[in-house]
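Me: I am new to this structure. Please take me through it in short steps.

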Amino acid sequence: MSGTHQVHGDQQPSGTQRGAQSGAQRGTHQATYLGMPAFPQAADASTRNTQLRANLRHATHTIRAKRATAVAELDDWSRLRAAGAAIKDRTLRHLDQYLEQLESAVTAAGGQVHWAADADEANRIVTELVRATGEREVVKVKSMATQEIGLNGALATAGITAYETDLAELIVQLGDDLPSHILVPAIHRNRGEIRDIFTEKMSQWGRPAPEGLTDAPADLAEAARLHLREKFLNAKVGISGANFMVAETGTLVVVESEGNGRMCLTLPETLISVVGIEKVVPTFQDLEVFLQLLPRSSTAERMNPYTSTWTGTTDADGPRTFHLVLLDNGRTDTLADTVGRQALRCIRCSACLNVCPVYERAGGHAYGSAYPGPIGAILTPQLRGTQSELDASLPYASSLCGACYEVCPVAIDIPEILVHLRERVVEGGPASVRGTRTVIKPAKGHAAERAAMRAARWALDHPRLLRTGQRLASRTRRFHPRRLPGPGRAWSDTRELPKVPEESFRDWWQRTRGGSGTGSRPEGRKKTT
Amino acid sequence: MRVALFITCVNDTLYPRTGQAVVTLLERLGVKVGFPEAQSCCGQPQFNTGYRHETEPLLRRYATAFRDYEYVVTPSGSCAAMVRDNYPRMGAKAAAEGRGQELADAAAEAVPKTYELTEFLTDVLKVTDVGAYYPHTVTYHPTCHGLRMLKLGDRPRSLLAAVKGLNLVELPGAEECCGFGGTFAVKNAAVSAAMGADKARNITATGAEAVCTLDNSCQLHIGGTLARQGSAVRPVHLAEILASTEGDVW
């Protein structure tokens, strides 16, 4: 192990110095979603990025088709889906009991359990645990929870370098970038871009990319394998999340495709896992359902390649010390909402991203959080609230086409929650904020829309007034402009306006039927042209 | 059989021809159609933008306007889905807010009698060949709420397949949303336009003369985009195809 380290140590500064330098020079660890514009502005820019559009279209359409095939192989998919939703719902109903059961089981198996109310507390706990080991470097398993809390940035501030070891997370980290997809964080990059990132940046973090690296997938994978191998062999501390935690046994489960996760989970002396409290399932047998639902929905595989499970610590093998940090960070507030709580069923498969026509065109970064796509549009405003302009815009980042709900393996009715959260944005209302029931105010900037909606409703609730408006529109139809001014430009910049007919249906009915409810057959119509 | 037409505000104002087609079609099939003039909008624009409380008077109006009818038929998958899926949710939320069962009862009255046109034809009248004649090449875009909320399945296609003279051509990526989405079309205009542009290009590439849907609100967006792209394909509602006969070509 040390030999490997020394070979490369001759060529470049030690890992600790490397991390400190790169963090200070390039702000790599500080890459953050904070201060991002609202969704419509970010998405507008994405739609004009032809390279991004091409990358996303190719990737999402490929995986979308594969998933459909993998799911269609199972006759009992709809029953599996219902079972997945039911297990999650039951667990969430009794979450307090299952979490305490989990804590007891993990403790009995030699682990230590920590409770974190929010991101800051979780980051503080992990930082102190790493400091206590005396190490300045950690290797990381791909983890959504640590992305959510910005752990890498917090560790960097404390002088600790975190190495991402998942291939896509590595690409993102080397590229001083942010993940844009749950399953494939570098989905916005094509292989040419990845080759360039590896060639330019690997040397700043460790073993450089081989000379003359091509963009062939096998060559890129080999470059990453060589680069990461020294990280695995040197690491004394590993940090992970988990896909599932089993309450009855205290077992944690990580589902991954590369084997890099298993390296991080088994080689280091200390393992720290940061896991959202909604990841608990009651029994080991419940995994039977989720280990069918998850691979087919995410990677379109029948069986997941590397499924690692561990229960506390084992004397002769694996990490000697295991810490579990249970993360709330808005989950209890989400659980308090009878409609929105469905979002806590999510198993992070990404099927909703891959099928979403809005995600395909806006890209993941536009969602301004670790959770992009339809699930992000309902999860982020619940975990973070709806007060910022970005968070208030997320529930509107959908045409409500329902494709996400159709593919969700745990049947989260995403469109229903989107509309529910839109109501919270424009009307405010009761919600749980940091564990306290409160009535939140409507988000700012909706006064004109609210007035317009009220006026429209009033007119629609007075059909005579509606008729007057329709007649006025018909009489002035020759003077209607082809392009609208002001906010109407949002429509007419890209779409022709419809021609207002000479007569509304209402007037036609009145004229031909005399309002009697029935009448003569409609008059002959002009032949279609 | 007391049958009412729920025209919807978009059809009433912008696409009266679709309403005329429904009346023509149903009368040809021997159904007497009523049009209660107290009807208005289902409230979907308000509801889907987050203004649930502004939508409540429109739910009540719907239930009252159609009180005397056994069946309410509407040429809109989206508006039918609004009634069927969202009216009960509005009733449940009002009850949970301590405002009694009145809205829930109104929703319960409205839901079972509401039919999207193709449901009424195939499920109630049990007819797929309506005697239509439409000598054109047509492609079909299944609109999202009919496809995924109402789960219309092959109802529209079976009706189209029975139309004499009609040449149905497949639309690539048919089940992808056109990008209309109500207020989404202006709130997220760039993404909406990008989705619409892709849909319109797919439509034009089929070589069809017309694109058929069950929702004129989506057609507003699809047709507007096709026209801006200079495409000759025209949008047509399924009702207008089914109303057309050899003796009375639409």
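Me: Is A:A411 buried or exposed?
Reply: This is a predicted model, so the values here are computed from it. The relative accessibility of A:A411 is 18%. The cut-off for a buried residue is under 20%. A:A411 therefore counts as buried.

Me: Where in chain A is A:A411 placed, and what is near 55° there?
Reply: The angle near 55° is phi of A:A411, a positive value in a residue other than glycine. As for its place, A:A411 sits in the loop between α20 (403–407) and α21 (414–427) of chain A.

Me: B:K151 also has a positive phi, near 50°. Is B:K151 buried or exposed?
Reply: B:K151 lies in the loop between α8 (144–149) and α9 (155–161) of chain B. The relative accessible area of B:K151 is 59%. Exposed means over 50%, so B:K151 is exposed.

Me: How many residues of helix α25 of chain A are buried?
Reply: Helix α25 of chain A covers residues 505–513, which makes 9 residues. It is largely enclosed by the rest of the structure, because the buried residues number 7 of the 9.

Me: Which elements do the buried residues of α25(A) pack against?
Reply: The buried residues include A:W508 and A:W509. In chain A, they pack against α23 (463–475). In chain B, their partners are β1 (3–5), α1 (9–14), α2 (16–28) and β2 (33–34).

Me: Which residue follows α25(A)?
Reply: The residue has a positive phi, near 60°. It is A:G514.

Me: How many residues of strand β7 of chain A are buried?
Reply: Strand β7 of chain A spans residues 270–276. On one side, A:T270, A:I272, A:V274 and A:G276 are buried. On the other side, A:L271, A:S273 and A:V275 are buried. That leaves both faces covered, and the count is 7 of 7.

Me: Which strands pair with β7(A) in the parallel sense?
Reply: Strands of a sheet pair through backbone hydrogen bonds, either parallel or antiparallel. One parallel partner has 4 bridges to β7(A), and there A:I239 stands opposite A:I272. The other is joined by 7 bridges, and there A:T270 stands opposite A:T321. The partners are β4 (237–240) and β10 (321–327) of chain A.

Me: In the open sheet of 4 strands in chain A, which strands stand at the edges?
Reply: The order of the strands is β8-β5-β6-β9, with mixed pairing. An edge strand here has a single partner strand, so one side is left without a neighbour in the sheet. The edge strands are β8 (280–281) and β9 (306–311) of chain A.

Me: How many bridges join β6 to β9 in chain A?
Reply: Strand β6 covers residues 251–256, and the two strands run antiparallel. A:T251 of β6(A) stands opposite A:T311 in β9(A). The bridges number 6.

Me: Which helix lies across β5, β6, β8 and β9 of chain A?
Reply: The helix runs at about 170° to β5(A). It spans residues 287–298. It is α14 of chain A.

Me: What percentage of chain A counts as buried?
Reply: Chain A has 25 helices and 12 strands. Its C-alpha trace spans about 95 × 55 × 45 Å along the principal axes. Of its 529 residues, the buried share is 56%.

Conventions: Residues numbered from 1 in each chain as written. Chains lettered and ligands numbered in written order. Predicted model: local features only at pLDDT ≥ 70, side-chain atom pairs only at ≥ 80, totals over all residues. Heavy atoms only, no water. Pairing = 2+ DSSP bridges. Contact = heavy atoms within 4.5 Å. Axes fitted to C-alpha atoms, helices over the stretch in contact; angles between N-to-C directions. Buried < 20%, exposed > 50% of the residue type's maximum accessible area, 1.4 Å probe, protein only.
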